[in-house]
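Here is a walk through one protein model, taken a piece at a time. Keep the structure open beside you and turn it as you read.

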Amino acid sequence: MSKGLFITFEGTEGCGKSTQIKLLAEQLKAIGHRVRLLREPGGTPIGEEIRHTLKHSQNNRAMTAEAELLLMNASRAQLVREIIRPALAADEIVLCDRFYDSTVAYQGYGRELDLAKVRSVIEFAVGETKPNLTFFLHVSQEMSEQRQRERQTSLPLELQRDRFEEADRKFFERVAHGYGVIAASEPQRVKFINGAQPMDVVCAEIWKTVQPRLPKVGRW
Ligand code: TMP
């Protein structure tokens with residue numbers, strides 16, 4: 001049986017997931033696990049081009065919500081088949097910064113696309129490949145906005161414009177509500193974490209949940 005483990009990180013802008021996923025990857029590597037650290041949209045050469053189109057391209061201003069949904073899932077379909085499935089089959093631990101819960105939260109709740117259609121596009125993109133465990137890092141709208149502003153200034157010029165961050169406050173409130181619904185409906189898979197806590201506290205909470213699920217490593 002495959003020993004692979006698939007863990008995803010979710011939350012709104014500035015929730016701290018990208019920092020925490022790196023910390024978890026380091027902890028896992030330090031005790032001998034083989035780890036694949038990925039992000040969505042992106043994670044493959046094709047996916048990274050799609051990411052640029054979705055987020056930073058000057059030509060994306062007129063993008064419709066429907067095109068956005070399909071591009072997210074085009075990137076995902078590629079990532080699942082090119083990287084995630086082979087990695088899990090090789091007993092690696094796959095950590096992904098966002099996965100399909102982002103689509104439900106952003107395109108379903110945020111952009112208000114029909115949820116049944118959103119789910120059916122996701123189903124087509126991922127098939128049987130679903131996360132074993134998901135961390136949902138929650139921060140308030142105020143903290144999210146403050147962290148976005150701080151991050152913005154440290155980015156290289158070509159990454160400073162981000163189409164998602166141009167959305168209004170109501171959009172992000174709907175996204176946050178969507179995440180709340182997802183976390184409440186799948187409590188076995190989705191672990192709610194208060195992302196406003198100090199970094200080391202969040203890290204310890206994540207480790208406490210991950211550790212008992214780890215496959216054994218070492219010599220046979
Ligand atoms: P990030 O990598 O900085 O989190 O940026 C990714 C952006 O894309 C973020 O604003 C959330 C958005 N997104 C969606 O809207 N739907 C999706 O399915 C995914 C994976 C991301």
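**Salt bridges, strands and pockets**

Start with aspartate 101, which forms a salt bridge with arginine 189, the closest N and O atoms being 2.9 Å apart. A salt bridge here is a side-chain nitrogen of Lys or Arg within 4 Å of a carboxyl oxygen of Asp or Glu. Aspartate 101 sits in helix H4 and arginine 189 in the loop between H8 and strand E5 (190-194), so the pair ties together parts that are 88 residues apart in sequence. Helices (H or I, at least four residues) and strands (E, at least two) are DSSP runs, numbered from the N terminus. Aspartate 101 is buried, with a relative accessible area of 4%, and arginine 189 counts as buried too, at 7% relative accessibility. The cut-offs are under 20% relative accessible area for buried, over 50% for exposed, and partly exposed in between (1.4 Å probe, protein chains only).

A word on the ground rules: this is a predicted model, where local features need pLDDT of at least 70 and side-chain atom pairs count only at pLDDT 80 or more, while totals for chains, interfaces and linings use all residues. Residues are numbered from 1 along each chain as its sequence is written, and side-chain values use heavy atoms, with hydrogens and water left out.

Back to the charges. The structure holds 18 salt bridges. Take glutamate 142 and arginine 169, whose side chains meet in one of them (3.5 Å, N to O). Glutamate 142 belongs to helix H6 and arginine 169 to helix H8, so this pair ties together parts that are 27 residues apart in sequence. Arginine 169 counts as partly exposed at 37% relative accessibility. There's a wider web here: Glu142, Glu145, Arg169, Lys170 and Glu173 are joined into one network by salt bridges that share partners. Another pair to look up is lysine 130 with glutamate 123, at 3.4 Å, N to O. Lysine 130 is partly exposed at 37%, and glutamate 123 is partly exposed at 40%.

While you're on helix H6, find glutamate 150. Glutamate 150 is partly exposed, with a relative accessible area of 48%. Its C-alpha atom is 9.4 Å from that of glycine 14, although the two residues are 136 apart along the chain.

Now for the strands. Which residues of E3 are covered on each side? In a regular strand the side chains alternate between the two faces of the sheet. In E3, Ile93, Leu95 and Asp97 lie on one side and Val94 and Cys96 on the other, and all are buried. That fits the tally for E3 (residues 93-97), where five of its five residues are buried. E3 has pairing partners as well, and two strands pair if DSSP finds at least two bridges between them. Strand E1 (residues 5-10) runs parallel to E3, joined to it by five bridges, and isoleucine 7 has leucine 95 as its bridge partner in E3. E2 also pairs with E3 in the parallel sense, over five bridges, with arginine 36 opposite valine 94.

What about disulfides? The structure holds zero of them, a disulfide being a pair of cysteine sulfur atoms within 2.5 Å. Cysteine 15 is in no disulfide, and the nearest cysteine sulfur, that of cysteine 96, is 14 Å away. Cysteine 15 is buried at 2% relative accessible area, and cysteine 96 is buried at 0%.

Finally, the pockets. On a 1 Å grid over the protein atoms alone, a pocket is an open set of points where a 1.4 Å probe fits, with protein on both sides within 12 Å along at least five of seven lines; lining residues have an atom within 4 Å of a point. The largest pocket has a volume of about 1,100 Å³, the volume being the space filled by probe spheres set on the points. It is lined by 46 residues, of which Lys17, Ser18, Arg51, Asp97 and Arg151 lie nearest its centre. H1 gives the most to this lining, with six residues.

The second largest pocket has a volume of about 220 Å³. Of the 13 residues that line it, Tyr100, Asp101, Val104, Arg119 and Glu186 are the closest to its centre. H5 gives the most to the lining of this second largest pocket, with four residues.
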